[in-house]
Amino acid sequence: MVAAEKEVPWCTIILVALCMTGHITVLVGNLQTSSGLHLMGKSSGGWSNVGLGLADSFEHELDLIMTNMTTQLTESLDQILTIKSLLDLVMSHVGDTTESLIQNANGQMLLEQARDIPPAFQKAADAIMNATQGGLPDALEKLVPQVMGEVVAILDKLLDLMEPTMLQVGKWYTSFGDKLQAGIEIFSTTVDLVQKMFDQIMSQSGGADDSYLPYMFTNTYTLFALTEKDKGITVQDLSDVSDMYQITALQGSKSEELHGKYDLNQDAFIDSTEYENFILDESMPYVMATVLRSYSKKLSQVGGLVARARMRDEVAGAVVKYLQLVCAKNITKVGWVSQRLTNGSLPMAFTADIMRNLALAQDDPEVLTTADVGATVIGVMAMMNHTATIAASELMADTDFWVSEGFDPADQPICVERVTRWIGMALDAEKSLSALQRLQQVFVSSDAQLSFLETMTGVSIETTAMSAREITERNRADYFSRKHQKGIDRYQTLRRTQASRDLADELLGGRLVFIDNPVASSTVNAGVPAVPATLEFAKFLSNNASRFSGEFLTASFNYSGQSSSALDAFATQIQGMIKKTQGFLSILDQYAGQDGMDKLRLKVDDFSTKAEEEIIAAIEDQFAKRVPGFTRTSLLQTNQAPGSSSQMTLQQMVATLDMLESVLPEAIANLKVARQEVATVSSTLDSVFTSFKESGLPLFVKLARIYSQVWVAWFILLTIFTLSILYYGFWASGYCGGPKQQEEREEYEPPTTIWERVKCCYGACCNCMSDWSETQCFFWSMILLGQIFVLLIFVVALVLCLLAGVKLFVSTNCEAVYMINDPTICTETLKMMQNFVETFDGGDVTTPLAKVCETSELLLCNIISQKMKMSAILTVSGGILVAVLSFQLLIESAILHERARMRRMIDGLVKEKKLKVPEA
């Protein structure tokens, strides 16, 4: 009798081979995805470098150019005002000299000079008065050329001052064509899209980190508690926050519903403990990240404005924006700034400028708080040093100071009133009677001084504020009265002789060349550079803002796995910057470039040659009319009426100066706005992409590693399962010992040694496996578990199909974004940006711009297309194959089980010698 022969389980081998092929296919596909994630991490670093490179170019090239242009245009405007005033002196001086010569010709006493002659004309004036013996021709030959030569020299200096700016304007005006604008739009839109794609991938890949929850709780609570931070968050606070940060989950009645839900003690406030439950409500996913990210971006933008401010008015405006932000979150920083403003380390004029801007910003709708920022800041200043604060408010009431700072006198009364009221409220809250009396002494007239009891009531605050306004209005009226009288005196001085009046009528139509222009004067006064102490203070604030902005953005990124919100868009900011720059360029288009400057120089050359003849002809007209027997020597006609073509050169020059005087203030204002946009865009790019670079690449690398580890572990598990069935197939077919009839156990003997006791314990634990492993119950239980495992494989196959759909969807959408899909278009777009800002190098100084797209992996869609498409194909095909064949393996295992059972029966019969095998 012999045992059953061994068989080769070909069906099992084929099924296992096909299953392993599917497993390997799925593994390779998922490793492709892991590789793609790693390349996306490198791409995120590359795009971060591009964003940071653009921010650096904006800061160190574009902002620097605009700063120089602002300075040059301001100095040009100041020079124009000086030239116009000088032309008035020239005409008056020529007229007075002519009057002296006429009186001398008529035998009258020479006219005494009535005013100080400019140093440039003093030598000519002395020569003229000594040349009367040579007659009028000799006098005119000495007078007019020397005087006009000085004027033309100053005009040439003006053009030299304007030329760099106008050439730059011409360059921008030419380059800012449709092609460049389209390229900038493509670039900025692509940057937005790439960032959103990275955010989407990271958020869906579980990039959020809940370990940042305590930090987020601490740093967002005060942003929600707008009105009473020490008590908590009210319903109105939630409504205001929803408007400020555009949170739809809190708009309408939702604020009240959520507040009622989480205000557990029903005290109308959500305190810090209740806030931790409220902020994690499922209807507001990652709302803390949205709020803190928005706040930090504004903080970054303000930090950029403060850092790049150079003029006195720019620094003051930027510092007020900083105060408006920190008031929404951290009152301690308000104290730091208030201390610096009142301890004498900064000029008193700068402190007054800050207070003026706070008063004007009272109704600013963009403030991220409902508190009165001006009252808060000036209140803290008054409590820290009421003497310095009152002195600054007193300086504000001085209209001469107000105008010298470039401020509009129309704003002065309301600003002084508000500041005085805020100081009074703070001093009244502190019960500082002596300080209130000091405030009274400054702003209340002696006959209206309040009594001691009245000073201790709230009535005195309003009375003092209104009195401060009245005093300011009187100061302003006195300023305008003095200014008006000064204008009259100037006119009478410049037109004190008949000859000066007649010459002005004939050459200028009777007008003065310099007429006070408040807008131009204000622009010049506001363009004064800030002192070093002020710039040092601004640098401190900027560093502080940048540091905390970066910290908040990094925390928001790590907490939510996203670097931006849905409404954030760099394209909008960059387009806004371009439009502001274009608005500035359009104002100066007629003077832009070399052609514009050539036209201006041609006018000056024409003025230098013809103006002398016009002046000489006009002087001879005066002599012909008033000196008997005078013979004209000028070639010009004597019967030309004032304003005729041969006498228009001087008037044309004056008209050109008038035009420049009216255009430059608007151009400077637009340029300052454009500079603010540049600073805003630069700081936003810098802060966002700095945190993105620091967190993006490590996060993608981590995701890639985890993704590959998970699928390798899954592959190992499936391999063990599949090869186990292969082993079972060989075993059931007679290999590896094959199925045997279970032998009866020997008689039980108790263990005597430690080792025997261990073996006994182990045997008892594995009794079910040893005694029941070959039973029907055990096998079919394993089949049921196998079915669950196969179902899990099927579910994984479905997940892989869904992931493949997402991959193919992203890949398909990418194909329409040419810059991150086509290396040629990517390179050309970067070169176009380099035409806009020449220092832009794609964020990689070591690589030529033509190779940046490939070396920095900027072709994100190309990566997705290459990696994700192949990954989708492999994972779907392999996953479906494995799901089908794994079920078939279960069926095959049932067949093998029957084969093993029959072999076990045959083995038993052979052992009992009941089965006879026929002889050969």
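Helices (H or I, at least four residues) and strands (E, at least two) are DSSP runs, numbered from the N terminus. By that rule, the protein chain has 31 helices and zero strands. Welcome to this structure, which is a predicted model: local features need pLDDT of at least 70, side-chain atom pairs count only at pLDDT 80 or more, and totals for chains, interfaces and linings use all residues. Residues are numbered from 1 along each chain as its sequence is written, and side-chain values use heavy atoms, with hydrogens and water left out.

**The chain as a whole**

- The protein chain has 920 residues, and 49% of them count as buried; buried means under 20% relative accessible area, exposed over 50%, and partly exposed in between (1.4 Å probe, protein chains only).
- About 42,400 Å² of the protein chain is exposed, with 58% of it supplied by carbon and sulfur atoms; these areas come from the Shrake-Rupley method with a 1.4 Å probe, and for residues only the protein chains shown count as cover.
- Among contacts (heavy atoms within 4.5 Å) with a separation of 6 or more, 82% join residues 24 or more positions apart.

**Nonpolar cores**

- A nonpolar core is a set of buried Ala, Val, Leu, Ile, Met, Phe, Trp, Tyr and Cys residues joined through side-chain atoms within 4.5 Å.
- The largest one has 114 residues, and F58, L588, F607, L830 and F836 have the most contacts inside it.
- Helix α25 provides the largest share of this core, 25 residues.
- A second, separate core has 92 residues, including Y221, V291, V337 and I423.

**Cavities**

- Rolling a probe the size of a water molecule over the atoms shows where empty space is left.
- On a 1 Å grid over the protein atoms alone, a cavity is a set of points where a 1.4 Å probe fits but cannot get out, and lining residues have an atom within 4 Å of a point.
- The whole structure holds five cavities of 30 Å³ or more, and the second largest has a volume of about 60 Å³; grid points are joined across faces, edges and corners, and a volume is the space filled by probe spheres set on the points.
- The elements that give two or more residues to the lining of this second largest cavity are α3 (135-175), α24 (593-626) and α25 (649-732), and α25 gives the most, with four residues.
- Its lining residues include L155, L600, K603, T656 and L660.
- The lining divides into eight nonpolar, one polar and one charged residue; Ala, Val, Leu, Ile, Met, Phe, Trp, Tyr, Cys and Pro count as nonpolar, Asp, Glu, Lys and Arg as charged, and the others, Gly among them, as polar.

**Buried spots in helices**

- Helix α14 (residues 386-396) has A388, T389, I390, A392, S393 and M396 buried.
- Those buried residues of α14 pack against α11 (331-342), α12 (348-360), α13 (373-384), α15 (399-404), α16 (412-429) and α17 (433-443).
- T70 belongs to helix α1 (residues 10-105) and is buried, with a relative accessible area of 1%.
- Not counting residues up to four places away in sequence, T70 touches I668, L671, K672 and R675.

**Two loop residues with positive phi**

- Most residues other than glycine have a negative phi.
- Q266 is not a glycine, yet it has a positive phi of about 55°; Q266 lies in the loop between α7 (254-262) and α8 (272-278) and is exposed, with a relative accessible area of 58%.
- K431, also not a glycine, has a positive phi of about 55°; K431 sits in the loop between α16 and α17 and counts as exposed at 67% relative accessibility.

Technical notes:
On a 1 Å grid over the protein atoms alone, a cavity is a set of points where a 1.4 Å probe fits but cannot get out, and a pocket is an open set with protein on both sides within 12 Å along at least five of seven lines; lining residues have an atom within 4 Å of a point.
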